[in-house]
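Work through the exercises below with the sequence and the structure in view. Each task is followed by its solution.

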Amino acid sequence: MWMRGGTSKGGFFLAEDLPSNAEERNALLVRIMGHGDARQIDGMGGAHPLTSKIAVVSRSAREGCDVDYLFLQLQPDTGAISDSQNCGNMLSAVGPFAIERGLLTAEDGQTSVRVYMVNSESRADLLVQTPGRLVTYEGNARIDGVPGSHAPVIQNYYGTAGAQCGALLPTGNQVDVIDGTEVTLIDNGMPSVILRARDFGLAGTETPAEIEAMTELKARIESIRLKAGEMMRLGDVTEQTIPKMCLISPPRNGGIINTRTFIPHRVHETVGVLAAASDAAACMLPDSVAKGIAAFNNVNPCRVDVEHPTGALTVELEWGGESVVRTGLLRTARKLMDGVVFP
């Protein structure tokens with residue numbers, strides 16, 4: 001099934017329909033998506049990381065979970081496929097897909113789908129609209145970066161703090177210095193490096209295309225990313241899609257922060273769901289690089305808008321002690337097609 005999840009889209013597969021061996025599975029999926037050709041002309045990929053995504057779903061044997069969700073990110077130009085990160089946008093379509101494929105029975109009205117996220121070894125609960133026990137994709141919910149309105153999918157994440165790096169702040173510091181630049185290294189579901197746009201001579205309002213054309217800037221960002229990966233306990237991240245690099249600047253339209261995110265080499269047209277969760281969490285730390293930039297009111301739980309190139313993404317964070325205990329978001333999803341693909 002091909003689905004849009006949030007501001008991403010890609011292929012959704014039942015695990016039982018794919019080879020159990022990861023190498024064989026990945027080779028098959030690369031053929032399906034387009035053989036490592038940047039245009040992906042001979043496959044189903046959309047010639048951009050945001051449209052070259054894959055979700056592998058199965059019934060869960062874990063207590064308290066309905067389904068397991070493995071996310072795979074394909075790089076169109078190289079054909080490299082990675083399970084090193086999670087994807088909250090694609091997650092929004094996992095619940096509808098699981099119900100459509102009969103992995104669980106829908107309730108009349110709305111259905112809670114408890115998802116074990118394999119990549120981050122954490123859980124998310126999705127609230128899917130199911131009038132008459134059938135998934136509906138029609139509704140009045142709107143998200144920036146997607147035209148029109150659709151049925152809402154409410155996401156509540158648990159255990160995201162330090163999901164991949166072992167701690168919300170992997171180094172224990174609110175600010176570290178890499179290549180002479182102050183950064184905040186944070187993991188609230190997506191390992192991220194928060195940087196001030198002004199430290200790179202940017203206003204923070206530049207378009208993704210303008211930033212991608214800045215060769216020297218991209219080289220500087222990548223140098224920091226490689227060093228940050230080691231500091232965040234991720235090892236050599238040369239071939240990985242994490243950590244994400246986020247340039248922040250003051251909000252322009254009432255949000256908590258304005259962002260431009262590298263994913264990791266292209267610049268996101270919006271912002272990833274879990275990247276936004278990490279960005280928002282960084283804004284709540286009193287001495288992070290967001291100090292003096294973020295517009296934050298000290299309330300708990302707090303609901304804030306993380307601004308991005310085409311709008312904003314609303315994040316709700318609940319704190320317990322010095323860490324995040326719940327992250328909530330509103331997304332939408334839509335089934336695009338259901339059929340047979342020929343690798």
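The glycine G102 comes after helix α2 and has a positive phi, near 75 degrees. The model used here is a predicted one.

**Exercise 1.** Check whether the end-to-end distance of α2 agrees or disagrees with its number of residues.

Solution. Helix α2 covers residues 88–100, which makes 13 residues. At 1.5 Å a residue, taken over one less than the number of residues, the expected span is 18 Å. The C-alpha atoms at the two ends lie 19 Å apart, so the two values agree.

**Exercise 2.** Find where α2 bends, and state how well the helix is covered.

Solution. The bend is at V94 and amounts to about 30 degrees. A proline, P96, follows within four residues. As for cover, 12 of the 13 residues of α2 are buried, where buried stands for under 20% relative accessible area. Both V94 and P96 are among these buried residues.

**Exercise 3.** How many cavities of 30 Å³ or more does the structure hold, and what lines the largest cavity?

Solution. The search gives 2 cavities. The largest holds about 140 Å³ of space. Its lining has 18 residues, with K53, Q85, K244, H268 and G272 closest to the centre. Two elements, α2 and α5 (273–283), each give two or more residues to this lining; α5 gives the most, with 3. By class, the lining divides into 8 nonpolar, 8 polar and 2 charged residues.

**Exercise 4.** Describe the second largest cavity.

Solution. The space in this cavity is about 50 Å³. Its lining includes P96, V128 and A333. The lining has 8 nonpolar and 2 polar residues, and no charged ones.

Definitions and conventions:
Residues are numbered from 1 along each chain as its sequence is written. This is a predicted model: local features need pLDDT of at least 70, side-chain atom pairs count only at pLDDT 80 or more; totals for chains, interfaces and linings use all residues. Side-chain values use heavy atoms; hydrogens and water are left out. The bend at a residue is the angle between axes fitted to the seven residues ending there and the seven starting there. Buried means under 20% relative accessible area, exposed over 50%, partly exposed in between (1.4 Å probe, protein chains only). On a 1 Å grid over the protein atoms alone, a cavity is a set of points where a 1.4 Å probe fits but cannot get out, and a pocket is an open set with protein on both sides within 12 Å along at least five of seven lines; lining residues have an atom within 4 Å of a point. Grid points are joined across faces, edges and corners, and a volume is the space filled by probe spheres set on the points. Ala, Val, Leu, Ile, Met, Phe, Trp, Tyr, Cys and Pro count as nonpolar, Asp, Glu, Lys and Arg as charged, and the others, Gly among them, as polar.
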